[in-house]
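Please look through the sequence and the model below before reading on, and keep both in view while you follow the explanation.

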Amino acid sequence: MRFLVFLEHHEGRLQKDSLGLLSKAASLGGEVEAVLLGSEVNELAAEAGKYGATKVWVDDDVLLDKPLSQPRVDALETLLGDQEFDAVLFAASVLSADIAAALAARLDAGLNYDLTDLAVEDGKLVGKRPALGDSVYADVGWTSEPRLALIRSGTFEPKEAGGSAEVAPFESRFQDFSLAATMVEQAHEESQGPSIEDADVIVAAGRGLGGPDNFGLVEELAKALGGAVAATRAVVDAGWYPYSTQVGQTGKTVSPKLYVAVGISGAIQHKVGMQSSGLIVAINKDPNAPIFEYADLGVVGDLNEIVPKLTELVRARKAA
Amino acid sequence: MKIAVCAKYVPESTAARRIDPETKRLDRSGEGALNPFDVNAVEEALRLKEAGGDGEVVIVSLGPERALEAMRRALAMGADRIVLVADEAAAGSDLVATSRVLAAALERESPDLVLFGQQANDADGAVLWAAVAERLQRPLISQVAELSLEDAKVRGKRQTEYGYDVIDAPLPAVVAVSDAINEPRYPSLKGIMGAKKKPQETVSLADLGVGAEEAGEAGSRTTVEALNDPPPRGDTVKLEDDGSAAEKILEFLQERKAL
């Protein structure tokens with residue numbers, strides 16, 4: 001099977017989810033190639049080789065400078081017109097979901113989305129897709145080629161294998177309507193510490209925190225654990241914390257090794273964004289909070305007492 | 001200024017949801033409603049129309065005949081009419097087929113602006129608008145939290161993983177709004193009374209010039225092969241804080257090598 005992995009990058013770095021997808025594709029056997037689109041991105045191509053790509057197709061074009069989806073659809077159509085791939089894989093993001101869906105319409109090629117795993121069974125690619133709040137897992141397939149797959153963010157962990165990739169430049173042919181939308185401004189929120197997609201440890205807070213001032217408590221715990229701070233939708237809507245930290249149905253999907261949920265009831269909208277975390281620890285004063293149904297360790301109690309104490313203990317333990 | 005809002009008929013959020021093991025499709029036999037995320041798109045369309053002074057807001061939907069009743073909520077809010085594509089042959093359409101049918105219905109209306117809500121509450125796709133914009137060959141702005149209209153262009157401010165983008169697109173354009181964009185109004189009693197009298201058109205695939213083989217399962221390019229139980233999670237432990245919870249959490253993290 002010949003795979004093409006779409007590489008997303010931001011501020012001169014390949015996204016962790018893209019690298020994870022390369023590693024996953026490599027583990028399925030077959031040829032793994034990647035496509036990198038942008039302006040002045042040539043240097044990033046080599047990085048993809050370390051995670052399993054044998055060849056990276058690069059279009060370095062000023063028209064691909066801004067992260068807009070439609071010119072990228074043109075670029076992929078150009079490449080797929082010349083090269084036959086069995087499957088094109090995308091790690092979900094605001095940008096890549098738009099690209100994958102438009103490419104499906106452009107090529108009349110099937111797109112399976114929100115996948116949490118890929119497998120090759122009897123020589124056929126199969127996608128695993130949770131449905132109905134993840135209470136059912138569907139095996140999904142394709143009846144056309146290339147098979148387009150959009151993988152839930154935070155699904156695959158990158159594994160450095162130490163190979164190297166051949167760089168193959170190509171030139172995209174653009175459509176007028178694809179270049180009609182223009183980026184007027186881009187503003188990036190400065191986040192402290194690691195971003196929640198990249199963090200091994202996340203301390204997340206919900207409305208149970210009581211107010212924005214109490215975020216100090218979770219920030220201290222996150223710092224002690226070497227992790228990032230996340231928030232629920234209710235907290236973001238209330239303006240207590242930035243949207244870039246939101247986990248859940250309308251925010252990000254994360255799967256850190258450890259997820260500490262503080263004052264989070266854990267409704268389904270939040271659960272879908274974090275349930276594939278390695279270990280879930282929940283602290284909530286309401287013994288009936290849904291999060292206790294799926295937390296590995298649930299503690300019913302007052303977060304204002306438990307969190308600072310835990311922070312102290314973790315600090316002491318790390319210093320020892 | 002003509003604005004089309006793509007709206008979906010979804011099962012009531014309170015209804016127990018199941019997948020039909022025969023068809024492997026979501027069982028849609030129960031009560032339905034206008035997808036709550038689409039209500040934000042309707043509200044935004046009404047605000048743009050009101051700000052512009054004149055214009056028309058058309059609801060375009062693909063669904064069963066009985067979706068019409070749920071779609072009337074948009075009319076009660078102030079939308080002008082409904083075009084519902086209701087055709088047995090369109091049931092079970094995937095992204096490729098759905099976008100084809102919706103685009104055909106939209107071509108027939110040729111609106112200046114097409115609005116989508118952020119997602120449907122019965123599927124986690126959130127990808128339809130990009131496929132529709134592609135088929136209409138129009139510029140797209142998605143995930144928009146602030147929208148403005150001036151001269152012949154729209155400006156959208158949107159949330160991304162990294163902060164926000166401001167994107168301009170000339171009309172005609174396709175915009176998907178996030179549910180942070182507005183607080184939808186409640187229909188007034190007068191609005192509800194008047195809704196039934198507004199034009200509500202049901203069209204078939206043939207009316208749109210879409211062949212039956214281009215819609216539904218025949219027009220789809222993806223399949224559901226099997227339904228399985230979710231992978232099991234390990235045991236869960238729940239304890240009440242007796243003053244030693246912090247110590248117990250630390251022990252647990254050490255045991256599980258999470259530190």
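The paragraphs that follow go from the contact between the chains to the nonpolar cores and then to the domains of one chain.

This is a predicted model, and a good place to begin is where its chains meet: 71 residues of chain A are in contact with 64 residues of chain B. On the side of chain A that touches chain B, the element that gives the most is helix α4, residues 94-107, with nine residues. Sorted by class, that side of chain A holds 40 nonpolar, 17 polar and 14 charged residues. Strands also link the chains, for strand β10 (residues 136-142) of chain A pairs with strand β12 (residues 222-228) of chain B in the antiparallel sense, over six bridges, and Asp139(A) stands opposite Ala226(B) in β12(B).

In soluble globular proteins, nonpolar side chains tend to be buried together. Here the largest nonpolar core has 133 residues, and the members that touch the most others are Val5(A), Ala101(A), Ala104(A), Val5(B) and Val101(B). Helix α4(A) again comes forward, since it gives the most to this core, with 10 residues. Leaving aside residues up to four places away in sequence, Ala104(A) touches residues of both chains, among them Leu111(A), Leu148(A), Leu95(B) and Val96(B). There is also a second, separate core of 51 residues, which includes Ile196(A), Val201(A), Tyr241(A) and Ile264(A).

Within chain A, the domain assignment gives domain 1 (2-179) and domain 2 (201-319), whose centres, taken over C-alpha atoms, are separated by 31 Å. Seven residues of domain 1 and eight residues of domain 2 take part in the contact between them, and the side belonging to domain 1 has no nonpolar, five polar and two charged residues.

How values were computed:
Residues numbered from 1 in each chain as written. Chains lettered and ligands numbered in written order. Predicted model: local features only at pLDDT ≥ 70, side-chain atom pairs only at ≥ 80, totals over all residues. Contact = placed C-beta atoms within 7 Å. Helix = DSSP H or I, 4+ residues; strand = E, 2+ residues; numbered from the N terminus. Nonpolar A, V, L, I, M, F, W, Y, C, P; charged D, E, K, R; others polar. Pairing = 2+ DSSP bridges. Core = buried A, V, L, I, M, F, W, Y, C linked by C-beta atoms within 7 Å. Buried ≥ 20, exposed ≤ 12 C-beta atoms within 10 Å, placed from the backbone. Domains from an automatic or database assignment.
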